[in-house]
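Please look through the model shown below, with an eye to where its charged side chains sit and how they are paired. The paragraphs after it begin with one such side chain and widen out from there.

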Amino acid sequence: GFLSIEEFNTLIQQWNGRTIQITKHEINDIDQTIIHLQNISYDQNTRRIDDYVPKHSLLLHGDGQVESLPTMSNEPLPSSHYEIPLEDHSLYEFNGKTFFITTDRGVYKLELA
């Protein structure tokens with residue numbers, strides 16, 4: 001079912017130390033990232049100049065690699081974290097083993113790898 005951001009945070013924190021797979025679905029674009037989750041934090045950007053810079057971000061810290069579909073090319077994660085932009089009206093769901101975060105930009109699926 002649907003979760004509040006607080007409920008989502010409580011559940012996702014239990015995945016610290018585990019390897020997770022993040023699948024990002026945006027318009028005509030699917031990326032998969034495998035990351036060894038070491039820490040979870042949130043960032044608030046109060047000095048943004050436009051709507052492209054998110055107001056809030058979920059930061060999944062750890063080492064990982066990105067697989068771009070359909071080319072199937074693997075490259076290391078460009079930084080030591082994976083950022084998911086959040087909005088005030090983002091939806092958080094959990095079905096017991098998979099998290100879904102739905103934003104205006106796309107859908108992010110998080111599951112244990």
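E26 counts as partly exposed, because its relative accessibility is 25% and a residue has to fall under 20% to be called buried. In this predicted model, the side chain of E26 meets that of K24 in a salt bridge, with 4.0 Å from N to O. K24 itself is on the other side of the cut-off, since its relative accessible area of 15% makes it buried. The pairing of E26 with K24 therefore brings together a partly exposed residue and a buried one.

K24 has a further partner in D31, and here the closest N and O atoms are 3.4 Å apart. Both K24 and D31 are buried, so this second bridge joins two residues that each have under 20% relative accessible area. Taken together, K24, E26 and D31 are linked in a network of salt bridges.

How many salt bridges does the structure hold? The count is 3, and one of them lies between the side chains of K109 and E111, with 3.8 Å from N to O. In this pair K109 is partly exposed, because its relative accessibility is 26%, whereas E111 is buried, because its relative accessible area is 18%.

Against these paired charges it is worth setting E67, a residue of strand β4, which covers residues 56-69. E67 is buried yet has no salt bridge, and the nearest side chain of opposite charge, that of K109, is 12 Å away. A salt bridge requires a nitrogen and a carboxyl oxygen within 4 Å, and this explains why K109 is not counted as a partner of E67 at such a separation. What, then, does E67 touch, if its neighbours within four places in sequence are left aside? The residues in contact with E67 are D31, Q32, M72, S73 and N74, and D31 among them is also the residue that forms a salt bridge with K24.

K24 and D31 come up again at the largest pocket, which holds about 300 Å³ of space. Its lining is made up of 15 residues, and those lying nearest its centre are K24, D31, Y82, E83 and Y108. The elements that give two or more residues to this lining are β2 (19-26), β3 (29-44) and β6 (81-86). Of the elements, β6 gives the most, with 4 residues.

Strand β6 also contains L86, which counts as buried because its relative accessibility is 5%. Although L86 and S57 are 29 residues apart along the chain, their C-alpha atoms are separated by 5.2 Å.

The whole chain can now be set around these details. The protein chain has 1 helix and 9 strands, and from the N terminus on its elements run β-α-β-β-β-β-β-β-β-β. Among the contacts with a separation of 6 or more, 53% are between residues 24 or more positions apart, and the pair of L86 and S57, 29 residues apart, has a sequence separation that falls in that range. Buried residues make up 34% of the 113 residues, while the chain exposes about 6800 Å², of which carbon and sulfur atoms supply 50%.

Note on methods. Residues numbered from 1 in each chain as written. Predicted model: local features only at pLDDT ≥ 70, side-chain atom pairs only at ≥ 80, totals over all residues. Heavy atoms only, no water. Buried < 20%, exposed > 50% of the residue type's maximum accessible area, 1.4 Å probe, protein only. Contact = heavy atoms within 4.5 Å. Areas by Shrake-Rupley, 256 points an atom, 1.4 Å probe, with all protein chains shown as cover. Lys, Arg positive; Asp, Glu negative; His and termini not counted. 1 Å grid on protein atoms, 1.4 Å probe; cavity = no way out; pocket = protein on both sides within 12 Å on 5 of 7 lines; lining within 4 Å. Points joined across faces, edges and corners; volume = space filled by probe spheres on them.
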